[in-house]
Amino acid sequence: MPKRQAGTRPHTLSRWVIGATVLLGAAAAAGAATSSSDRLEKNSPSVREQPLTQYRAYRRMHARNEHFGQEAWLEAWTEFDERGFRYTIVSETGSDYMRNKVLKAVLKREQELVADGDCRRSELTPDNYEFQDVQQGDGERYVTLKPKRKDVLLVDGRMVFSHDGSELLRVEGRLAKNPSFWTSLVNIIRHYARLDGVRVPVATESTAKVKFAGVAYLDVHYEYETINGRPLSVAARHAFPATAVR
């Protein structure tokens with residue numbers, strides 16, 4: 001490996017963590033689409049849905065960088081409630097660098113965002129976004145997201161709803177601001193599903209262009225044990241595999 005690449009790696013891939021964390025696990029972002037969904041269908045069931053206030057979920061994470069030929073996997077129990085965000089790592093394999101500088105760093109960064117109350121900056125609300133251009137196509141409805149400020153916690157993209165506008169399926173787009181000089185073109189897709197009446201994130205895909213390191217990838221999948229203090233129902237457990245991206 002050329003010396004220049006080896007020397008710059010710690011200053012590149014690790015800077016990706018800020019952007020990769022944006023839509024990973026903040027509970028506030030999961031339930032914040034109510035106001036925007038109301039713009040689509042005022043009688044939508046989503047207006048009356050329960051907010052996500054607590055969860056315990058098993059998280060499977062995978063990061064890779066083709067330029068350096070490195071990848072890593074990490075699995076952890078994650079919990080969110082009024083006390084904040086906590087995690088316990090169950091297993092980890094692959095590149096030490098990717099595990100420590102990306103996967104573990106993402107979890108730690110998420111914990112810091114929740115503790116500092118910064119998750120509110122990423123909510124899908126009129127305080128953060130202008131909602132434009134309700135469009136229909138391919139059996140889905142789209143609402144354009146226009147950030148009201150240049151912020152690393154906001155996405156310039158769109159929300160994707162079901163045909164009748166009652167279910168948020170995805171949030172997809174590019175970060176409104178690059179996390180650093182080293183990291184650009186951070187694209188994120190976050191998938192949602194309604195489990196036991198509560199809308200929750202079920203998978204996240206993130207890619208970023210990193211100077212001297214090429215494109216970096218991060219995929220995360222969530223398997224819920226409890227939501228809002230209640231064990232996930234048998235029906236929701238059976239339905240969940242169909243909602244996650246494999």
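The following conversation goes through a predicted model and asks what lies behind the words used for its residues and elements.

Biologist: What makes up the protein in terms of helices and strands, and how much of the protein is buried?

Modeller: The protein has six helices and 11 strands, and buried residues make up 50% of its 246 residues. About 11,300 Å² of the protein is exposed, with carbon and sulfur atoms supplying 49% of that area. Among contacts with a separation of 6 or more, 54% join residues that are 24 or more positions apart.

Biologist: How do you know where the confidence is lowest and where it is highest?

Modeller: The pLDDT runs from 0 to 100, and against that scale helix 3 (residues 27-31) has the lowest confidence, at a mean of 38, while strand 3 (residues 84-94) has the highest, at 96. Over the protein the average is 79, and 77% of the residues score at least 70. Residues 1-11 stay under 50, and the model gives them 14 contacts beyond four places in sequence. Residues 39-48 are also below 50, with 24 contacts beyond near neighbours in sequence. Where pLDDT is low, the predicted coordinates should not be read in detail.

Biologist: Why is threonine 78 called buried?

Modeller: Buried means under 20% relative accessible area, and threonine 78 is at 0%, so threonine 78 counts as buried. Its place is in strand 2 (residues 70-81), and, leaving aside neighbours within four places in sequence, threonine 78 is in contact with Tyr55, Arg56, Ala57, Arg59, Phe85, Arg86, Tyr87 and Leu107.

Biologist: Why is leucine 185 called partly exposed?

Modeller: The partly exposed class lies between the 20% limit for buried and the 50% limit for exposed; leucine 185 has a relative accessibility of 36%, and therefore counts as partly exposed. Leucine 185 sits in strand 8 (residues 183-195) and, not counting residues up to four places away in sequence, touches Arg174, Asn178, Thr207, Ala208 and Lys209. Of these partners, lysine 209 is 24 residues apart from leucine 185 in sequence, with 5.7 Å from C-alpha to C-alpha.

Biologist: What makes leucine 154 buried, given that its place is in a loop?

Modeller: The class rests on accessible area, with buried meaning under 20%, and leucine 154 counts as buried because its relative accessibility is 0%. The loop in question runs between strand 5 (140-147) and strand 6 (155-162). Among the residues that leucine 154 touches beyond four places in sequence are Arg121, Asn128, Tyr129, Pro147 and Leu175. The C-alpha atoms of leucine 154 and arginine 121 are separated by 7.4 Å, although the two are 33 residues apart along the chain.

Biologist: And what makes phenylalanine 161 buried?

Modeller: Phenylalanine 161, which lies in strand 6, has 0% relative accessibility and so counts as buried. Valine 143 is 18 residues apart from phenylalanine 161 in sequence and 8.1 Å apart in space, C-alpha to C-alpha.

Biologist: What makes the phi values of aspartate 196 and asparagine 228 worth a remark?

Modeller: Most residues other than glycine have a negative phi. Aspartate 196, however, has a positive phi of about 50°, and asparagine 228 has one near 55°. Aspartate 196 lies in the loop between strand 8 and strand 9 (198-210), and asparagine 228 in the loop between strand 10 (214-227) and strand 11 (230-231). At 33% relative accessibility, aspartate 196 counts as partly exposed, whereas asparagine 228, with 16%, is under the 20% limit and is therefore buried.

Biologist: How do you know that the span of helix 5 is close to the expected value, and where does helix 5 bend?

Modeller: Helix 5 has 21 residues, and its reach of 28 Å from first C-alpha to last is close to the 30 Å expected at 1.5 Å a residue. The bend, of about 40°, is at alanine 105. Buried residues in helix 5 include Tyr97, Met98, Val102, Leu103, Val106 and Leu107.

Biologist: Which residues have the most contacts inside the largest nonpolar core, and which element gives the most to this core?

Modeller: Nonpolar side chains in soluble globular proteins tend to be buried together. Here the largest nonpolar core has 50 residues, and Leu103, Met159, Val200, Tyr224 and Ile227 have the most contacts inside it. Helix 5 (residues 96-116) gives the most to this core, with eight residues.

Note on methods: Residues numbered from 1 in each chain as written. Predicted model: local features only at pLDDT ≥ 70, side-chain atom pairs only at ≥ 80, totals over all residues. Heavy atoms only, no water. Helix = DSSP H or I, 4+ residues; strand = E, 2+ residues; numbered from the N terminus. Buried < 20%, exposed > 50% of the residue type's maximum accessible area, 1.4 Å probe, protein only. Contact = heavy atoms within 4.5 Å. Areas by Shrake-Rupley, 256 points an atom, 1.4 Å probe, with all protein chains shown as cover. pLDDT = per-residue confidence, 0-100. Core = buried A, V, L, I, M, F, W, Y, C linked by side-chain atoms within 4.5 Å. Expected span 1.5 Å × (residues − 1). Bend = angle between axes of the 7 residues up to and from the residue.
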